[in-house]
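Me: I would like to go through this model step by step, with the reasoning laid out before each answer. Please take my questions in turn.

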Amino acid sequence: MAWDSVPWFTEGGAEHSSEVARLLAYAAFAGGEGVVGTGDLQVRALPSPAAAVNIYTGACAILNKAPGGRYQAYAARLPVADQVPVAATGATKRSDLVVARIENPHSVGETWPQPSDPKVGPYVYTRIISNVPSTTTNVRQIRPSDSAITLARIDLPANTSSVTQAMIKDLREMVAPRSRRRLYTSSPLGDQNWPGNAKGTYAPWPPAASWTVEIPPWATKGRIMLTIAGVQVLRGGVWGFCAWQLGAIRSESVVLDTGKADGSERIHLISADTITIPTSMRGTVQPLRGLIALDDDNAGTLQADVATTCILDVDWAEDPTEDET
């Protein structure tokens, strides 16, 4: 018979294969693998650094890489923190990879040893793969046939027996990270003249570049770009900076410089940045506005008018490496 003869789910006491059950997990995870939540399975140094690390609780999806394991995934959970030892270094530095690995000897083609109790296993472990290249970011680079996901890399200096947090590089990825992108636009109904600012300070401007945005409760990162297109420069050149501010977070500034023009011209102001969203701001509504700072030696000034368009592009993302406790 060509088919796996018992599909999920069949009544009458039919016996379902492990392969079909793993197919269901694969479909539920949309073919992805990684941690389920942003805070899951973090690798952290011990409160008093020693020759070990803690792996925090959480859950994950791990693709079955055994022969014949196509369209199969494992769902695994760590209900209590797991502490694993890390070997000390000698005269040379060393990098170790921390992974969550399935060791299932019952899967066709696998050679893992049988657990002491087949009913309870264990069949999933936190493993340290020692002495990997310092550029390693994924277990597939060194062990492509392992049914495993990467949690972290530990970069140990020479003659070290204690692991500090600074040595741990978070490499977790999410199985199904959420994202939400929103585009906001507005235009002045009339002239909005630059109000001026004290030298070295920002002022909100133009009034049209002001919105109230909702931050998703799961967002750990925001990629935000503000464009103020068609700003008029009057009576000479200007030099300064543009940026935006979300709540109390101000973006990286971008220089604007028109040179020493004597007449009127139109320019585009663009500011963009990627920011980490603090826990306190997630799930809240925050003001977002454009900012301008001009040097007080400028001959010219700015004006936004009916020919100006303000465009705000906000992309919220869920990233486990931005959610460390």
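Me: In the loop between which two strands is the place of Asn159?

Reply: In this predicted model, phi of Asn159 is near 55°, a positive value in a residue other than glycine. Asn159 counts as exposed, at 63% relative accessibility. Its place is in the loop between strand E9 (148–156) and strand E10 (168–170).

Me: What phi does Ala30 take, and is this residue buried or exposed?

Reply: Ala30 sits in the loop between H1 and E1, just after the helix. Its relative accessible area is 71%, and because exposed means over 50%, Ala30 is classed as exposed. Although Ala30 is not a glycine, its phi is positive, at about 55°.

Me: Which residues of helix H1 are buried, and which strand is included in what covers them?

Reply: Helix H1 covers residues 18–28, and Val20, Arg22 and Ala25 are buried in it. Among what covers these buried residues of H1 is the strand E5.

Me: Where are the cis peptide bonds at Phe9 and Pro122, and what is omega in the bond from Gly121 to Pro122?

Reply: Phe9, in the segment before H1, is joined to Trp8 by a cis peptide bond with omega of about 0°. Pro122 lies in the loop between strand E7 (94–102) and strand E8 (124–129). The peptide bond from Gly121 to Pro122 is cis, and its omega is near 10°.

Me: In the open sheet of 3 strands, which strands stand at the edges, and why is one side of each left without a neighbour?

Reply: The strands of this open sheet follow the order E1-E4-E5, with antiparallel pairing. Each edge strand has a single partner strand, so one side of each is left without a neighbour in the sheet. The strands at the edges are E1 (34–35) and E5 (73–78).

Me: Which residue in E4 stands opposite Gly34?

Reply: E1 pairs with strand E4, residues 58–63, in the antiparallel sense over 2 bridges. Within E4, the residue opposite Gly34 is Ala61.

Me: How are E2 and E3 joined, and what is the bridge partner of Arg44 in E3?

Reply: Strand E2 (residues 43–50) and strand E3 (residues 52–55) run antiparallel and are joined by 4 bridges. A hairpin leads from E2 to E3 through 1 residue. In E3, the bridge partner of Arg44 is Asn54.

Me: Which residues touch the most other members of the largest nonpolar core, and which strand gives its largest share?

Reply: This core has 35 residues, of which Ile224, Leu246, Ile292, Leu302 and Trp316 touch the most other members. The elements that give two or more residues to the core are strands E14 (210–214), E15 (221–234), E16 (239–246), E19 (265–276), E20 (285–294), E21 (301–304) and E22 (309–317). The largest share, 5 residues, comes from E15.

Me: Which residues does Leu246 touch, and how many residues are in the second, separate core?

Reply: Setting aside residues up to four places away in sequence, Leu246 touches Val213, Ile215, Ile224, Ile275, Ile277, Met281, Gln286, Pro287, Leu288 and Trp316. The second, separate core includes Leu41, Val43, Ala45 and Met167, and its size is 25 residues.

Me: What lines the second largest cavity, and which strand gives the most to that lining?

Reply: There are 2 cavities of 30 Å³ or more, and the second largest holds about 30 Å³ of space. Leu226, Ile228, Cys242, Ala243, Leu269, Ile270, Ser271 and Leu291 line the second largest cavity, and by class this lining has 7 nonpolar, 1 polar and no charged residues. E15, E16 and E19 are the elements that give two or more residues to the lining. The strand that gives the most, with 3 residues, is E19.

Me: What does Glu265 contact, and how far apart in space are Glu265 and Leu302?

Reply: Glu265 is found in strand E19 and counts as partly exposed, at 25% relative accessibility. Leaving aside neighbours within four places in sequence, Glu265 is in contact with Val231, Gln232, Val233 and Thr258. Glu265 and Leu302 are 37 residues apart in sequence, and their C-alpha to C-alpha separation in space is 10.0 Å.

How values were computed:
Residues are numbered from 1 along each chain as its sequence is written. This is a predicted model: local features need pLDDT of at least 70, side-chain atom pairs count only at pLDDT 80 or more; totals for chains, interfaces and linings use all residues. Side-chain values use heavy atoms; hydrogens and water are left out. Two strands pair if DSSP finds at least two bridges between them. Buried means under 20% relative accessible area, exposed over 50%, partly exposed in between (1.4 Å probe, protein chains only). Contact means heavy atoms within 4.5 Å. A nonpolar core is a set of buried Ala, Val, Leu, Ile, Met, Phe, Trp, Tyr and Cys residues joined through side-chain atoms within 4.5 Å. On a 1 Å grid over the protein atoms alone, a cavity is a set of points where a 1.4 Å probe fits but cannot get out, and a pocket is an open set with protein on both sides within 12 Å along at least five of seven lines; lining residues have an atom within 4 Å of a point. Grid points are joined across faces, edges and corners, and a volume is the space filled by probe spheres set on the points. Ala, Val, Leu, Ile, Met, Phe, Trp, Tyr, Cys and Pro count as nonpolar, Asp, Glu, Lys and Arg as charged, and the others, Gly among them, as polar.
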